[in-house]
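Reader: I would like to learn how to read a protein model feature by feature. Could we take the general idea in each case, and then turn to the example in front of us?

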Amino acid sequence: ESSLAEGAKGEPFHMVTPVLESWALSQVAGMTVFLKCENMQPTGSFKIRGIGHFCQEMAKDGCRHLVCPSGGNAGIAAAYAARKLGIPATIVLPKSASQQVVRRLQGQRAEVELIGQVWDVANLRAQELAKRDGWVNVSPFDHPLIWEGHASLVRELKAALGTPPGALVLAVGGGGLLAGVVAGLVEVGWQHVPIIAMETHGAHCFNAAIRAGRQVTLPDITSVAKSLGAKTVAARALACTRECQILSEVVEDAEAVSAVQRFLDDERMLVEPACGAALAAIYSGILGRLQAEGRLHSGLTSVVVIVCGGNGIDSQQLQALKTQLGQK
């Protein structure tokens, strides 16, 4: 019964995560690098901020069952929030989902349904289930309440740093984190802080949309950074480019995985390749290149990297990714 009370009181499900100054990354970047450690959230990623907020609001509206089509961080966040709220959850996954994730979801007492080979099929099934009375579909990234929840991250940054950083680095999958961060920057009066939006090639739906000037659907997700694997970015993410300075950069899978390994060695934290894409802004020298090109202020003294976290990784999987990409 305590779980119901916990969620009903309206206390957020996410925690205030540390902002750490990284000596190792600062050395590489030639400026102060702060890490916003979302990998330390109770669900292992930033997703609990927005999804937790969304689920709480749905519970207030009388939602009786949550359904989420996600084999990764969003599904784990939805299952966690549902358990805290005392509401049943069904997480719909493609059959390719890892046993590790399925076990973790079942550990949160969620019902797991495996269907089809790709996320799109799971998504259609979730939409079908959500037509049932009192059932609500939890989008992994595309809802105003989710962005509102993610904005809490920027309020914490302001409380920790006081003054705005020279730039903010984050990874883009479907665009939920980006939309939330932009909302947060506007809220705290930091909308002049440039955002470096990182993606891997093969999951670069935001970069493709920026180049086309409209939403573009990628034919397939070929990147190993599966958490970035939305074929189409949220329309809101594209709209954000008109409100803030957003620099979209794409790295190769090998750079993202190499960043994961280097970050593990530098900071003793293991994150997934989606997060490696953000860290590659430092390790692949992208900050310096943007400064040299005059697209970022050359007098930059500090940058915040959002370490978005991730559940789809362990030491064995990192080794397998390195082998797959021909890395020693």
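Author: Let us begin with a pair of side chains: those of E243 and R236 meet in a salt bridge, with N and O 3.1 Å apart. This is a predicted model, in which local features need pLDDT of at least 70 and side-chain atom pairs count only at pLDDT 80 or more, while totals for chains, interfaces and linings use all residues. Residues are numbered from 1 along each chain as its sequence is written, and side-chain values use heavy atoms, with hydrogens and water left out.

Reader: What is a salt bridge, and how many does the structure hold?

Author: Side chains of opposite charge can pair when their charged atoms come close. The term is used here for a side-chain nitrogen of Lys or Arg within 4 Å of a carboxyl oxygen of Asp or Glu, and the structure holds 13 salt bridges.

Reader: Are E243 and R236 buried, exposed or partly exposed?

Author: Buried means under 20% relative accessible area, exposed over 50%, and partly exposed in between, computed with a 1.4 Å probe on protein chains only. E243, at 41%, counts as partly exposed, and R236, at 22%, is partly exposed as well.

Reader: Which residues are joined into one network by salt bridges that share partners?

Author: Such shared partners join K36, E38, R49 and E156 into one network. Within this group, R49 forms a salt bridge with E156, and their closest N and O atoms are 2.8 Å apart. R49 lies in helix α3 (residues 47-60) and E156 in helix α8 (residues 152-161), so the pair ties together parts that are 107 residues apart in sequence. Helices here are DSSP runs of H or I with at least four residues, strands are runs of E with at least two, and both are numbered from the N terminus. R49 is buried at 1% relative accessibility, and E156 is buried at 11%.

Reader: Which residue forms a salt bridge with E187?

Author: The partner of E187 is R155, the closest N and O atoms being 3.0 Å apart. This pair links distant parts of the chain, with E187 in helix α9 (residues 176-188) and R155 in helix α8, 32 residues apart. E187 is partly exposed at 47%, and R155 is partly exposed at 39%.

Reader: How do α3 and helix α4 cross?

Author: Two packed helices are described by the angle between their axes and the distance between the axes. An axis is a line fitted to C-alpha atoms, for helices over the stretch in contact, and angles run from 0 to 180 degrees between N-to-C directions. The axes of α3 and α4 (residues 73-85) come within 9 Å and cross at roughly 40 degrees. Angles under 35 degrees count as roughly parallel, over 145 as roughly antiparallel, 65 to 115 as roughly perpendicular and the rest as oblique; α3 and α4 are therefore oblique to each other.

Reader: What is unusual to look for in the backbone angle phi?

Author: Most residues other than glycine have a negative phi, and most peptide bonds are trans. R109 has a positive phi near 70 degrees; R109 sits in the loop between α5 (99-107) and β5 (111-114) and is exposed, at 63%. R268, not a glycine either, has a positive phi of about 55 degrees, and R268 lies in the loop between α12 (253-267) and α13 (273-283).
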